[in-house]
Amino acid sequence: MNPVDGGDDADDPTPDLPGGTADAARDIESANRVRAGALLISSADLLEPTFARTVIYVIEHNDAGSLGVVINRMSQTAVHNVMPAWTDLAASPRALFVGGPVKQDSALCLGVIKPGADITGFEAIRPVAGRVALVDLDADPEQLETVLEGIRIFAGYAGWGIGQLDAEMDQDSWVLGSALARDVLAPPAADLWSEVLRRQPWPLSLLATHPLDTSVN
């Protein structure tokens, strides 16, 4: 699994326009592109129980498909009960999170690298975007404590085959947003779905006020 580079293409054909218009156009195009490190925020109209009111952190998006984890669904299983060695590094609440419906009998770990930490030589840490990285759960957690701010362990993941996610985006099933490192470690009490929507540009931010039960309107 090779994380996708979220940067701009070197051979960007967008012409340079007066007043920095080309740079602004590239910024808008990048912000509206599914990429590693982006967030998929479920539409208020997406009522399917598996993904209703979920926020998915995209780990990989390429020609072979897409992969991410739901970051706002906590399970009732404590990290200590299944992977006790990782308890101290796990962010509070120290529970497994349900990453998605695929392979829930397997675990995937995301970690947040400490600001300024040098992870050169740490083969167990594979950067995804910014300070967020995949962490190899076969590694010794004590060796990673100096460079990791915290981790989140997910049971299962969300996956899409070739073209599936693009089709769902065309159907407005997902709102695309930019992730902050703290999103990955946010506790369930934070209501991450609403919080992430509120920081999106208007009018997307208005979706944060959408009620769970539309009959109350």
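**Exercise 1: a polar contact of R35**

In this predicted model, find which backbone oxygen the side chain of R35 reaches, and decide whether R35 is buried or exposed.

*Solution.*
- Step 1: Locate R35 in the loop between α1 (21-31) and β1.
- Step 2: Follow its side chain to the backbone oxygen of R33, at 2.9 Å.
- Step 3: Check this pair against the cut-off for a polar contact, which is within 3.5 Å. The 2.9 Å between the R35 side chain and the R33 oxygen fits.
- Step 4: Look at the relative accessibility of R35, which is 13%. Buried means under 20%, so R35 counts as buried.

**Exercise 2: the cores**

Work out which residues touch the most other members of the largest nonpolar core, and which element gives the most to this core.

*Solution.*
- Step 1: Start with the core itself, which has 29 residues. Y57, I59, V69, I71 and L110 touch the most other members.
- Step 2: Now see where the members come from. Elements that each supply at least two residues include the strands β2 (55-62), β6 (102-113) and β9 (148-160), and the helix α4 (181-184).
- Step 3: Pick out the top contributor: α5 gives the most, with four residues.
- Step 4: Look for another core. A second, separate one has 18 residues, among them V79, W86, A124 and I151.

**Exercise 3: the whole chain**

Find how many helices and strands the chain has, and what share of its residues is buried.

*Solution.*
- Step 1: Count the elements: five helices and 10 strands.
- Step 2: Turn to burial: of the 217 residues, 43% are buried.
- Step 3: Finish with the surface. The accessible surface is about 11,600 Å², and 51% of this belongs to carbon and sulfur atoms.

Methods:
Residues numbered from 1 in each chain as written. Predicted model: local features only at pLDDT ≥ 70, side-chain atom pairs only at ≥ 80, totals over all residues. Heavy atoms only, no water. Core = buried A, V, L, I, M, F, W, Y, C linked by side-chain atoms within 4.5 Å. Buried < 20%, exposed > 50% of the residue type's maximum accessible area, 1.4 Å probe, protein only. Polar contact = N/O pair within 3.5 Å; in protein donor to acceptor, adjacent residues only side chain to side chain. Areas by Shrake-Rupley, 256 points an atom, 1.4 Å probe, with all protein chains shown as cover.
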